[in-house]
Amino acid sequence: MVDFLIVGAGFSGCVLAHQIATKLNRKVLIIEKRSHIGGNAYDYYDDHGILIHKYGPHIFHTNSKKVFDFLSKFTEWSYYQHEVLAHVDGRKVPIPINLDTIKELYGLQLSENEMQEFYQSVREPIHNITNSEEVILSKVGLELYNKFYKNYTKKQWDLWPSELDASVCARIPVRTNRDRRYFSDKYQVMPKHGYTKMFLKMIDHPNIGILLQTDYQQIQQIIPHKYVIYTGPIDYFFNYKYGKLPYRSLNFHFETKDQERWQDAAVINYPNDYDYTRVTEFKYLTSQSHQKTTIVYEYPTNNGDPYYPIPKKDNMELYQMYKQEAEKLKNVWFLGRLGTYKYYNMDQVVAQALTLFERELQNL
Ligand code: FAD
Ligand code: UDP
């Protein structure tokens with residue numbers, strides 16, 4: 001008999017396993033259907049000895065000291081500020097759009113004040129912003145929207161920005177200065193020895209057991225337990241009784257090049273060309289020295305692992321129906337990107353897990 005069955009060995013599952021095992025001194029069994037821990041943040045050394053992220057580039061960034069301090073118990077960090085270029089009009093220019101982007105695209109050398117005036121002159125005044133098209137038009141106007149956002153979004157989601165919640169494109173800041181960083185958060189770091197090592201340390205405890213290559217539905221009747229923490233897709237848990245929640249997936253195509261560097265930035269976005277959205281060169285992220293380099297192309301698709309919940313109104317309504325079912329269950333909690341159908345970053349998932357533990361689990 002275990003006290004807690006935790007479904008999924010990603011950030012959500014591993015953070016809670018650690019808290020329950022160490023703070024409540026209760027037995028936890030993690031059930032993971034893949035052959036490894038770490039969820040989508042899993043990394044490993046490929047055949048060439050290069051550290052890669054199996055499920056696409058994962059860059060850690062947060063404003064939460066609490067989340068940063070919690071994870072710091074399990075890893076040292078490397079300082080890393082993520083920069084991205086977008087291939088637009090035949091040039092590779094900084095994204096988020098900043099002073100240099102405008103200089104390189106239009107030959108305009110603007111001060112910060114002039115940059116604000118520039119945005120003011122091109123932006124469309126929209127008062128009640130309801131979708132991702134409006135959020136971008138209201139910041140940078142139609143021309144920059146067409147160059148940077150419209151086609152990238154269509155490729156990534158197979159939806160136009162007007163069909164997606166405003167929060168999707170609002171993830172990308174718009175800058176008036178020369179700051180080339182993709183993120184603005186206070187803490188921007190990478191785990192020094194990789195994510196998987198960090199997870200291993202997090203769940204290294206005598207109260208924590210783990211079963212890999214096991215689906216929850218295979219064992220739920222067999223292994224006696226008191227409580228369930230479920231971090232997989234919520235619609236699957238309920239056997240799709242209200243229908244399938246849509247998820248967007250990706251096909252990853254890895255290539256190893258016989259040269260030390262391949263491209264001019266960690267990530268290059270291709271909004272308007274090719275079938276892939278972006279190309280990542282891992283060595284930028286991991287600071288690894290190696291004579292070769294591995295890159296990954298991301299091809300969006302509807303089939304495959306559920307990587308992205310799709311933020312749009314009808315999907316949210318469907319999710320609410322599952323959420324109401326979930327709330328009726330005693331002794332089962334849902335969390336994480338799939339369990340709560342939210343487009344969460346890693347730090348948000350960690351924060352959610354820590355909060356769930358403090359508010360509900362620590363008094364059990
Ligand atoms: P997951 O990592 O998805 O873990 C859930 C686990 O549950 C999986 O291992 C799955 O196999 C398992 N599971 C599901 N169903 C079952 C079942 N029935 N039985 C047993 N096991 C099951 N975030 C950032 O902060 N920065 C980034 O740069 C970043 N880049 C990303 C890039 C890509 C391409 C993707 C897809 C995501 C990215 N993220 C990034 C988001 C990040 O991956 C998630 O926030 C985080 O991994 C979510 O953790 P989780 O534990 O909720 O879910
Ligand atoms: N986006 C875009 N152009 C870009 C980068 C992002 O239109 O060059 C939009 C697109 O809709 C994307 C969203 O902003 O899905 C969020 O981008 P982010 O880089 O945060 O995506 P993720 O890393 O989560 O895939």
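## Exposed turns, buried faces and two ligand shells

Ser287 is exposed, because just 12 other C-beta atoms lie within 10 Å and 12 or fewer counts as exposed. This is a predicted model. Ser287 sits in the loop between helix 10 (282-286) and strand 15. Its phi is positive, about 60°, although Ser287 is not a glycine.

Asn25 tells a similar story. It has a positive phi of about 55° and is not a glycine. Asn25 is found in the loop between helix 1 and strand 2 (28-31). Asn25 is exposed, with 11 other C-beta atoms within 10 Å.

A glycine joins this list. Gly107 comes just after helix 3 and takes a positive phi of about 65°. The table collects the three.

| Residue | Phi | Place |
|---|---|---|
| Asn25 | about 55° | loop between helix 1 and strand 2 (28-31) |
| Gly107 | about 65° | just after helix 3 |
| Ser287 | about 60° | loop between helix 10 (282-286) and strand 15 |

**Overall build**

The protein has 13 helices and 17 strands. Its C-alpha trace spans about 70 × 50 × 35 Å along the principal axes. What radius of gyration does the protein have, and what would a compact globule have? The protein has 22 Å; a compact globule of 364 residues would have a value near 21 Å, so the two agree. Of the 364 residues, 39% count as buried. Contacts reach far along the chain. Among those between residues at least 6 apart in sequence, 74% join residues at least 24 apart.

An unreviewed UniProt entry carries the annotation "domain: UDP-galactopyranose mutase C-terminal" for residues 147-343. Over residues 147-343 the chain is 28% helix and 24% strand. The end C-alpha atoms of that stretch are 24 Å apart.

**The two ligands**

Ligand 1 is surrounded by 34 residues. The closest are Gly8, Gly10, Gly39, Gly232 and Gly336. Which helices each supply at least two residues of this shell? They are helix 1 (11-24), helix 12 (336-339) and helix 13 (346-361). By class, the shell around ligand 1 has 16 nonpolar, 12 polar and six charged residues.

Ligand 2 is surrounded by 13 residues. Tyr149, Tyr152, Thr153, Arg171 and Asn269 are the closest. Helix 5 (132-157) and helix 6 (166-169) each supply at least two residues of the shell around ligand 2. Helix 5 gives the largest share, five residues. The classes here are nine nonpolar, three polar and one charged.

**Helices with a buried side**

Helix 7 (residues 195-202) has the buried residues Tyr195, Thr196, Met198, Phe199 and Met202. Why do they line one face of the helix? Seen down the axis of helix 7, they fall within an arc of 155°, so they share a face. An α-helix has 3.6 residues a turn, so residues three or four places apart point the same way. The buried residues of helix 7 pack against helix 1, strand 3 (43-45), helix 2 (65-72) and strand 9 (187-191). Helix 1 thus turns up twice: it packs against helix 7, and it also supplies residues to the shell around ligand 1.

Helix 3 (residues 99-106) follows the pattern. Leu99, Thr101 and Ile102 are buried there. They cover an arc of only 165° around the axis, which puts them on the same side of helix 3. The buried residues of helix 3 pack against strand 8 (91-95) and helix 4 (112-122).

Strand 8 and helix 3 are also linked by a loop, and Pro96 is found in it. A cis peptide bond joins Ile95 and Pro96, with omega about 0°.

**A buried strand residue**

Thr294 lies in strand 15 (residues 293-301). Is Thr294 buried or exposed? It is buried, because 23 other C-beta atoms lie within 10 Å and 20 or more counts as buried. Leaving out residues up to four places away in sequence, Thr294 touches Asp46, His48, Ile50, Ile52, Phe254, Thr256 and Phe282. Thr294 and Lys283 are 11 residues apart in sequence. In space they are 7.5 Å apart, C-alpha to C-alpha.

Terms used
Residues are numbered from 1 along each chain as its sequence is written. Chains are lettered from A and ligands numbered from 1 in the order in which they are written. This is a predicted model: local features need pLDDT of at least 70, side-chain atom pairs count only at pLDDT 80 or more; totals for chains, interfaces and linings use all residues. A residue is near a molecule or strand if its C-beta atom, placed from the backbone, lies within 6 Å of it. Helices (H or I, at least four residues) and strands (E, at least two) are DSSP runs, numbered from the N terminus. Ala, Val, Leu, Ile, Met, Phe, Trp, Tyr, Cys and Pro count as nonpolar, Asp, Glu, Lys and Arg as charged, and the others, Gly among them, as polar. The radius of gyration is taken over C-alpha atoms; the globule rule is 2.2 Å times the number of residues to the power 0.38. Two residues are in contact if their C-beta atoms, placed from the backbone, lie within 7 Å. UniProt positions are given in the numbering used here, feature names are shortened, and annotations may be inferred rather than shown by experiment. The arc is that of the directions from the helix axis to the C-beta atoms.
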